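Biologist: I would like to learn how to read a ligand site and a single side chain in a model such as this one. Could we go through them in turn?

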Amino acid sequence: MLLGVIADDFTGASDIANTLAKGQSGEGGLVTSQFMGIPDQDAAPQVEAGVISLKSRSVAPEAAINDSLAALAWLQAQGCRQFVFKYCSTFDSTEQGNIGPVGEALAAALGVKGVVACPAFPAMGRTVYQGHLFVNDRLLNQSGMENHPLTPMRDANIRRWLRLQSQTDVGLVSTPTVHMGAEAIQSALKANADEGNTLVIVDAVSNNDLVLIGKACAEAPLLTGGSGIALGLASNFIAKGLATGKTGAFSGKQGPEAILAGSCSGATREQIDNHAREHPVLAISVDDVMAGRTTASDVVAFISANHGKAPLAYSSGTPEQVNIAQQRYGRDTVSEKLDGLFAQTAKDLVSHGVQRLVVAGGETSGAVALALGLGELAIGPEVSPGVPVLFSRQKEITLALKSGNFGGPMFFTDALSALAGGNHP
Ligand SMILES: Nc1ncnc2c1ncn2[C@@H]1O[C@H](COP(=O)(O)OP(=O)(O)OP(=O)(O)O)[C@@H](O)[C@H]1O
Ligand SMILES: O=C(O)[C@@H](O)C(=O)CO
């Protein structure tokens, strides 16, 4: 394996795996696998990039550091020569972490300083300018992310935010330097390292900026950022003759399908509304789940009765509904119950022969993917920016795991046909 990624959630892992497998247009990408947690066996021999999915975004910093260092050790044992710490393109973190603590711990383990920190993902409207993170035309702290239930982002100045989480000072390589090219970026990072800065915010407002940063970091042992930070990395390995750019074909699975949505984001709720116009949907009531009136077998029965029609079961609610449920039962209790319901449903569906499974929401996807015990999944074609097809090399299963805010208006049917091997943009 050439490149190892440590991702702080499951859908984020899919996102960066997608970038690595795609590579830059015309050049091809790396043969990439996504691992659900830290594997207890070696990766398939053909794999060039391995992405480990952790659930380390919202846990205590010590736990996030331990898991990330364990993931690093496994990737090092696989022979990786470069590592990426993947976090959210909206820099989801609190004043305590976990981007700073994990970034610094990985940097210390690898003996490096002057490490890139860049969450930019221009295809999804996330850009970094003068150390400030934008979501489309809004500063991060005016984008809705200031209301995030776990990691409210109250400062768009991510250099200042990262300083709160870091032991050493945080540097900045701003747009004018980035536009001067790879050598200028490299020198600026080196100057930061010489000053003792471990993490350095690097501006990027376009894919081209990210490619330049990737070139500048061809020899860097560690990079940190959103999936965009990996845009230029595959071609570094191809240019050195270490990879061919050919990632193999995906033929698709035509078997029974299911869609499960636990994400309550505006994007997911709109996608559910669109889907419901033409396809059967089951709204799962939180009160019924909490009272034991709705169980996995009810959801499985609904899905099984509607195979061939793209059935979707969702718990997703509006912010007001989520608020009421959380007040009534407690936030963690509701999440655990719903995540458990989706996990059990997915297990039962797969044992009943479901071959195409689409899941919306990072936490929900993590619960489902871990319950299915799929281990290593290969990366197929892109469904939409940040969401690839995942398929097992051993089992008859394909999946798409969608981050809450990702996907177009008809994401669910786009995903099902991509899993079947259809041709989707
Ligand atoms: N109606 C509801 N009321 C309260 N909580 C809910 C409800 N439906 C789902 N949840 C819980 O809310 C959480 C949603 O988080 P999840 O990460 O799956 O989606 P997201 O935040 O939209 O996605 P991402 O993290 O990828 O942006 C889950 O833990 C889920 O169990
Ligand atoms: O970077 C992103 O926006 C996503 O991959 C993600 O991590 C959302 O949870």
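Modeller: Let us begin with the ligand, bearing in mind that this is a predicted model. A polar side-chain atom of aspartate 15 comes to 2.6 Å from an oxygen atom of ligand 2, and the same reading can be made for arginine 57, where the separation from an oxygen atom of ligand 2 is 2.7 Å. Serine 89 likewise places a polar side-chain atom 2.6 Å from an oxygen atom of ligand 2.

Biologist: How much of ligand 2 does the protein bury?

Modeller: Taken alone, ligand 2 exposes 270 Å², and 93% of that is buried by the protein.

Biologist: Which residues are around ligand 2, and how do they divide into nonpolar, polar and charged?

Modeller: Around ligand 2 are Asp9, Gly12, Asp15, Arg57, Lys86, Tyr87, Cys88, Ser89, Ser403 and Phe406; this shell divides into four charged, three polar and three nonpolar residues.

Biologist: Turning to the single side chain, where is threonine 32 placed, and why does threonine 32 count as buried?

Modeller: Threonine 32 is in strand β2, which covers residues 32-36. A residue is called buried when its relative accessible area is under 20%, and threonine 32 counts as buried because its relative accessibility is 3%.

Biologist: What does the side chain of threonine 32 reach, and with which residues beyond its sequence neighbours is threonine 32 in contact?

Modeller: The side chain of threonine 32 reaches the backbone oxygen of leucine 30 at 2.8 Å. Once neighbours within four places in sequence are left aside, the contacts of threonine 32 include Ala17, Leu20, Ala21, Ala49 and Val51, and also Leu377, Ala378, Ile379 and Arg393.

Technical notes:
Residues numbered from 1 in each chain as written. Chains lettered and ligands numbered in written order. Predicted model: local features only at pLDDT ≥ 70, side-chain atom pairs only at ≥ 80, totals over all residues. Heavy atoms only, no water. Helix = DSSP H or I, 4+ residues; strand = E, 2+ residues; numbered from the N terminus. Buried < 20%, exposed > 50% of the residue type's maximum accessible area, 1.4 Å probe, protein only. Polar contact = N/O pair within 3.5 Å; in protein donor to acceptor, adjacent residues only side chain to side chain. Contact = heavy atoms within 4.5 Å. Near = heavy atom within 4 Å. Areas by Shrake-Rupley, 256 points an atom, 1.4 Å probe, with all protein chains shown as cover. Nonpolar A, V, L, I, M, F, W, Y, C, P; charged D, E, K, R; others polar.
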